[in-house]
Amino acid sequence: MADKQVIRLLDGEITLYKHQVGPKSNWYCRFKDHSGLRRYVKQSLGTPNDDLAREAAMDLYNEARARHSIGAPAGKTTFEYVVKRFLPELSGSVRNQAEKWNNRYWQAWFQTNVKDIWTLDNSQILAYVIYRRDYWKTHKPPVSPVKHRSNLNTITKTPSYSTLQKETRMLNWFLKRAFETRLTAHRVSVPAATKLR
């Protein structure tokens, strides 16, 4: 960090730094993640002001310690992190299908509606279920020269029972792995596919 501006707090427990030295460059902070999920918590403090950066870093650090004391990850954890972490446990066509569901449905919905997976609850999962059931009523189907036009018309209908059943099983698997590794506070699950129709 020789070319960076650095401030250390709490005898070096917290490090504040700027990627570029200058009055308009924002401060970042880094400190050890005591939850063990990652080596460090790193975050922009959103300010170039030294005093405000110190205060924001202390707030972030204290929040991380408080979260750790109740078993929560130190800092917000996204659903995208959950997918990236557990996707390697899958293989073959199962992994490919999970990636497709994530890219088409999960990623956008969770990014907008669940900022921290630790707080995920059943009401949010129910909201996702409604979104998923009605997805093709508000989105245009992909255009593919390989598919027949008659097949593209059917995609706007409610997904089939078997499609929903496969997706709910996969999503439940990710949510179960998240709970087992203390990424969520509660064991939540997607309702049975019969309730999605």
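In this predicted model, Arg104, Tyr105, Trp106, Trp109, Phe110 and Asn113 of helix α3 meet Gln124, Ile125, Ala127, Tyr128, Tyr131 and Arg132 of helix α4. By class, this contact of α3 with α4 is made up of eight nonpolar, two polar and two charged residues. The points below follow α3 through its two helix contacts and into the nonpolar core.

**How α3 and α4 cross**
- The axes of α3, which covers residues 92-113, and α4, which covers residues 122-133, come within 11 Å of each other and cross at roughly 135°, which means that α3 is oblique to α4.
- The crossing of these two helices, α3 and α4, is right-handed.

**How α3 and α7 cross**
- Helix α7, formed by residues 161-180, has an axis that comes within 11 Å of the axis of α3, and the two cross at roughly 80°, so α3 is roughly perpendicular to α7.
- On the α3 side the contact involves Val94, Ala98, Trp101, Tyr105, Trp106 and Phe110, while α7 contributes Thr163, Lys166, Glu167, Met170, Leu171 and Phe174.
- Sorted by class, the residues of the contact of α3 with α7 are nine nonpolar, one polar and two charged.

**The nonpolar cores**
- The largest nonpolar core contains 28 residues, and those with the most contacts inside it are Phe79, Trp106, Phe110 and Phe174.
- At least two residues of this core come from each of α2 (79-86), α3, α4, α5 (135-138) and α7, and α3 gives the most, with six residues.
- Leaving aside neighbours within four places in sequence, Trp106 is in contact with residues including Phe79, Val83, Tyr128, Met170 and Phe174.
- A second, separate core has 14 residues, among them Ile7, Trp27, Phe31 and Tyr61.

Terms used:
Residues numbered from 1 in each chain as written. Predicted model: local features only at pLDDT ≥ 70, side-chain atom pairs only at ≥ 80, totals over all residues. Heavy atoms only, no water. Axes fitted to C-alpha atoms, helices over the stretch in contact; angles between N-to-C directions. Helix = DSSP H or I, 4+ residues; strand = E, 2+ residues; numbered from the N terminus. Parallel < 35°, antiparallel > 145°, perpendicular 65-115°, else oblique. Left-handed = near helix turned anticlockwise from the far one by under 90°. Contact = heavy atoms within 4.5 Å. Nonpolar A, V, L, I, M, F, W, Y, C, P; charged D, E, K, R; others polar. Core = buried A, V, L, I, M, F, W, Y, C linked by side-chain atoms within 4.5 Å. Buried < 20%, exposed > 50% of the residue type's maximum accessible area, 1.4 Å probe, protein only.
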